Amino acid sequence: MENFVFQNPTKIIFGKGTESAVGKELKAHTNKVLLHYGGGSIKKTGLYDRICASLKEAGVAWTELPGVQPNPRLSLVRKGIEICRQEQIDFILAVGGGSVIDSAKAIALGVVDDGDVWDFYMKKRTPTKALPVGVVLTIPAAGSEASNSSVVTSEDGWYKRYVDAEVLRPKFSILNPELTLTLTVEQTMIGIADMTAHIIERYFTQVPNVELTDRLIEGTFKTLIRNAHILYKEPHNYAARSEIMWSGTVAHNDWLSTGRIGDWGSHMIEHELSGIYDIPHGAGLAIIIPAWMQYVYKANVAKFAQFGNRIFDVEANFGSPEETALEAIRRLKSFYQSIGLPVSLSTVNIPGDRLAEMAAKCVENGPVGNFLKLYKEDVQKILQLAL
Ligand code: NZQ
Ligand code: ZN
């Protein structure tokens, strides 16, 4: 196990009706917030009215900035920064999914900084301060509700880039599984794909002696598989919605990273896909992860065999470790397919004509991945395998 420091200060408020506490939670920090949300789902579902009622009751004033798109854009972040400065807003409330939360985090960074906020995403500077952010989560997927990162797309060159900083962890996140009942089955499964990717990125480490976190990840993965199958048939099952929502946070709040060095190559490759083609991040991962696995498994066959035995129940006498590893990859792919996810680029109409460009962009700041370091030609081969 590696040395580690673990500190996740995000207060989680979980369960039915919990969004009604948002005003009270905010009042402990501020009297005025930027209410940031997406393309309108919160108005259709009635959540917007409940949030406004809670803010009014607590005496918290607000200014609104709607319009966050999936794969959130830098131009709206810049607008949010301006609004907060003009109106002297010192707290941002994100009501939505990963895109809204990440846009809120980017605004939070920009308001207190004198330079260009995009510098942080291009790794030209490291952030040390940000306005506080609070969250009402409406789609379990990205894990941004308790993560230290924000992912934003710049329209200038369609660069999708991330920044990590402890100051980005939200002050509180309200997780009511009832709010996820309005998601389509497709959106739900895409979110689950992202959660599986977050634990796969952590599971495939070359660090030895990480038994506890291996077992925690395996348990989380099995919970995701079982409840994904339930929700695929019964999208209104509250118990399964609850398991999935909490798993999404646990998958990415860094509890499962303790003592390990995660990989993250697949995420870096996927960000090129959703940056250029604007596909949902989770769908891109369901395509990239199996291709990545096929490309890298020889770097630690035993770990892949363990993944197969423990998560996909590949029988101990199935065959050699290599055969077990390959069977594990096959079973992961068929799990994704069984819940309606795409597992190839052609399924989402992405042609093979820009693979070299994506591979070059992906490694602009050096190789990606830790399980196996990936250079431009490796990334291009993985994209090729994903076709
Ligand atoms: O915009 P609205 O109208 O609200 O609709 C949204 C959006 O179209 C809809 N939706 C959300 N909640 C709903 C709902 N529709 C009906 N009922 C509800 N309750 O869902 C659509 C997708 O929302 P989005 O926020 O884009 O989804 P997700 O949470 O998957 O976030 C994806 C973004 O997060 C980034 C991804 O790269 C992507 O940009 N990630 C952020 C991470 C982080 N900050 O830690 C880590 C992840 O690896 C990921 O990269
Ligand atoms: Zn992700």
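UniProt positions follow the numbering used here, feature names are shortened, and annotations may be inferred rather than shown by experiment. This is a predicted model: local features need pLDDT of at least 70, side-chain atom pairs count only at pLDDT 80 or more, and totals for chains, interfaces and linings use all residues; side-chain values use heavy atoms, without hydrogens or water. Residues are numbered from 1 along each chain as its sequence is written, while chains are lettered from A and ligands numbered from 1 in the order written.

**View 1. The span 9-177 annotated in UniProt.** An unreviewed UniProt entry places "domain: Alcohol dehydrogenase iron-type/glycerol dehydrogenase GldA" at residues 9-177. Helix makes up 31% of this span and strand 24% (DSSP runs of H or I, at least four residues, and of E, at least two). Its end C-alpha atoms are 21 Å apart.

**View 2. The shell around ligand 1.** Around ligand 1 there are 31 residues (a heavy atom within 4 Å). Gly39, Ser41, Gly98, Ser99 and Ser147 come nearest. Polar residues number 20, nonpolar eight and charged three; Gly counts as polar. Helix H5 (98-111), strand S6 (149-154), helix H7 (185-203) and helix H10 (265-277) each give the shell at least two residues. Domain 1 (11-179) and domain 2 (183-386) each contribute at least three; these bounds come from an automatic or database assignment.

**View 3. Polar contacts of ligand 1.** Three residues place polar atoms by ligand oxygens (N or O pairs within 3.5 Å). Gly98 uses a backbone N or O atom, at 2.7 Å. Ser99 brings a side-chain N or O atom to 2.6 Å. Lys160 offers a polar side-chain atom at 2.8 Å. The protein covers 87% of the 960 Å² of accessible area that ligand 1 has alone (Shrake-Rupley, 1.4 Å probe).

**View 4. The zinc ion, ligand 2.** Asp194 (OD), His198 (NE2), His267 (NE2) and His281 (NE2) coordinate the zinc ion at 2.0 to 2.2 Å (donors are N, O and S within 2.8 Å, or 3.2 Å for Na, K and Ca). Their spacing in sequence is D-x3-H-x68-H-x13-H. Asp194 sits in helix H7 and His281 in helix H11 (residues 281-296), so this pair ties together parts 87 residues apart in sequence.

**View 5. The span 193-386 annotated in UniProt.** The unreviewed entry labels residues 193-386 "domain: Fe-containing alcohol dehydrogenase-like C-terminal". This stretch is 64% helix and 0% strand. Its end C-alpha atoms lie 16 Å apart.

Terms used. Polar contact = N/O pair within 3.5 Å; in protein donor to acceptor, adjacent residues only side chain to side chain.
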